[in-house]
Amino acid sequence: MKVVVAPGDGIGPEVIAPAVDVLKIFHPEWDYKQVHLGYECWKRTGDPLSPATRTTLKEADLILFGAITTPPDPEYHSVVLTIRKELDLYANLRPVVGKNFDILIVRENTEGLYSGIEWQEKDRACTLRLVTESGSRRIARFASSCARRRRRHLTIGNKANIMKSDAFFLQICLEEAEKAGVSVDKKYIDALVLDVLQHPDRYDVIVTTNIFGDILSDAAAFLEGGLGMLPSANIGKGHALFEPVHGSAPDIAGKGVANPIAAIRCISLLLKYVQERDQAKLVEAAIQKVMAAGVKTPDIGGKAGTKEVAEEVIKEIIRMRSVLQVDL
Ligand code: NAD
Ligand code: IPM
Ligand code: MN
């Protein structure tokens, strides 16, 4: 397997290093390559995503991405969005899991308000919210098939009362859910965000358009203690990129306190993606154990640093693996 690691900016490199260490416990034999991209790379070279890096990413079987800083500069185009579009990573999966809930947010990842079709005039600016039949159908199918393999329930987050583009999206999702034989309900996104926080146990798979999924997932991170906890998988045909839901957190970068759990959980998603379900579960179990022992970073109420948390998780994985091997 070709694994390309893109640490990025801010806390990206701090949290990706331990995630790579975790992956290497399971797969030291894989071919690992590192690429530089993002804001620091732009400042150094004038290009945030070089043609050579694009080629390396396209050739990768698996990509592990830290986070990057996107300056609000009209000339600067988001590297994350460019990669999602170029590799056609159309499904952004964001699991939110706790004691009495297990939600999978399936976010459409290539169109909607992130269509990139936008322009500025003298006295106004416009961004086109593009919702296509093919784009909606493939994400609706993806989400329905996830639901079929889980608790067979799909919630469609939408604003169909206000936007034609969402009425269109909703209709296609309803059709695909019916074909897949999963039960379905629809909720306006504003009410949905609150209800997910109040009654997370009522949800299984939630499918929604691009920016609604972005906002919903950051809000839902609250259920797990904060942004430092949530991983994500960006899936397309033949490409897969794993990244924490959080960004480059410039306010804490370089302080050694970034929570590495979201990044380490990305390894669990990656292992699931390559069908190594037991290994994926083992990573999750090790994280649970370390959290229960109170070894946590300050964002989730602890006193430990990034390195300490990561070392404990790694120790626990190695311990659990050796117990498993003895049991076999
Ligand atoms: P952010 O996720 O970087 O940070 C929001 C808050 O959460 C901050 O207070 C931060 O300290 C905290 N936080 C985030 N991750 C944490 C972690 N692992 N441990 C502890 N605390 C953590 O979002 P932001 O501040 O809105 O954005 C900062 C930059 O990151 C921006 O340039 C933005 O464009 C970029 N961004 C990039 C990605 C990505 O690369 N995928 C995602 C989101 C934001
Ligand atoms: C995310 C981020 C990105 C998004 C940004 C960095 C483009 O917030 O992955 O959630 O809006 O999708
Ligand atoms: Mn986001």
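The residues of the shell around ligand 2 comprise 3 nonpolar, 1 polar and 4 charged, where Ala, Val, Leu, Ile, Met, Phe, Trp, Tyr, Cys and Pro count as nonpolar, Asp, Glu, Lys and Arg as charged, and the others, Gly among them, as polar. The structure is a predicted model, in which local features need pLDDT of at least 70 and side-chain atom pairs count only at pLDDT 80 or more, while totals for chains, interfaces and linings use all residues. Residues are numbered from 1 along each chain as its sequence is written, chains are lettered from A and ligands numbered from 1 in the order in which they are written, and side-chain values use heavy atoms, with hydrogens and water left out.

The shell of ligand 2 is formed by Ser78, Leu81, Arg84, Arg94, Arg107, Tyr114, Asp214 and Val245; a residue is near a molecule or strand if one of its heavy atoms lies within 4 Å of it. Three arginine side chains approach oxygen atoms of this ligand with polar atoms: Arg84 at 2.7 Å, Arg94 at 2.9 Å and Arg107 at 2.7 Å. Taken alone, ligand 2 exposes 320 Å², of which the protein buries 75%; accessible areas come from the Shrake-Rupley method with a 1.4 Å probe, and for residues only the protein chains shown count as cover.

Ligand 1 is surrounded by 21 residues, the closest being Thr70, Gly247, Ala249, Asp251 and Asn259. The shell around ligand 1 divides into 11 nonpolar, 7 polar and 3 charged residues. A polar backbone atom of Gly247 lies 2.7 Å from an oxygen atom of ligand 1, and a polar side-chain atom of Asp251 is 2.8 Å from an oxygen atom of the ligand. A nitrogen atom of ligand 1 is placed 2.9 Å from a polar backbone atom of Asn259. Ligand 1 taken alone exposes 800 Å², and the protein buries 68% of that.

Side chains of opposite charge can pair when their charged atoms come close. The structure holds 23 salt bridges, a salt bridge being a side-chain nitrogen of Lys or Arg within 4 Å of a carboxyl oxygen of Asp or Glu. One network of salt bridges links Glu133, Arg137, Arg141, Glu175, Glu176 and Lys179. Within this network, the side chains of Glu176 and Lys179 meet with an N to O distance of 2.8 Å. Both residues lie in helix H6, 3 residues apart, about one turn of the helix; helices (H or I, at least four residues) and strands (E, at least two) are DSSP runs, numbered from the N terminus.

The two partners differ in exposure: Glu176 is buried, with a relative accessible area of 4%, whereas Lys179 is exposed at 58%. Here buried means under 20% relative accessible area, exposed over 50%, and partly exposed in between (1.4 Å probe, protein chains only). Residues up to four places away in sequence being set aside, Glu176 touches Arg137, Ala140, Arg141 and Ser144, contact meaning heavy atoms within 4.5 Å. Glu176 and Leu49 are separated by 127 residues in sequence and by 36 Å in space, C-alpha to C-alpha.

A salt bridge also joins the side chains of Arg265 and Glu284, at 3.1 Å from N to O. This pair links distant parts of the chain, with Arg265 in helix H9 (residues 261–273) and Glu284 in helix H10 (residues 277–292), 19 residues apart. Arg265 is buried, with a relative accessible area of 6%, and Glu284 is partly exposed at 24%. In helix H11 (residues 306–327), Lys315 and Glu312 are 3 residues apart, about one turn of the helix. The closest N and O atoms of the salt bridge between Lys315 and Glu312 are 3.0 Å apart. Lys315 is exposed, with a relative accessible area of 53%, while Glu312 is partly exposed at 27%.

Lys159 is located in the loop between strand S8 (153–158) and helix H6 (164–180). With a relative accessible area of 19%, Lys159 is buried. Leaving aside neighbours within four places in sequence, Lys159 is in contact with Asp166, Tyr188, Ile189, Asp190 and Phe212.

Note on methods:
A polar contact is a pair of N or O atoms within 3.5 Å; within protein, one must be able to donate a hydrogen and the other to accept it, and residues adjacent in sequence count only if both atoms are side-chain atoms.
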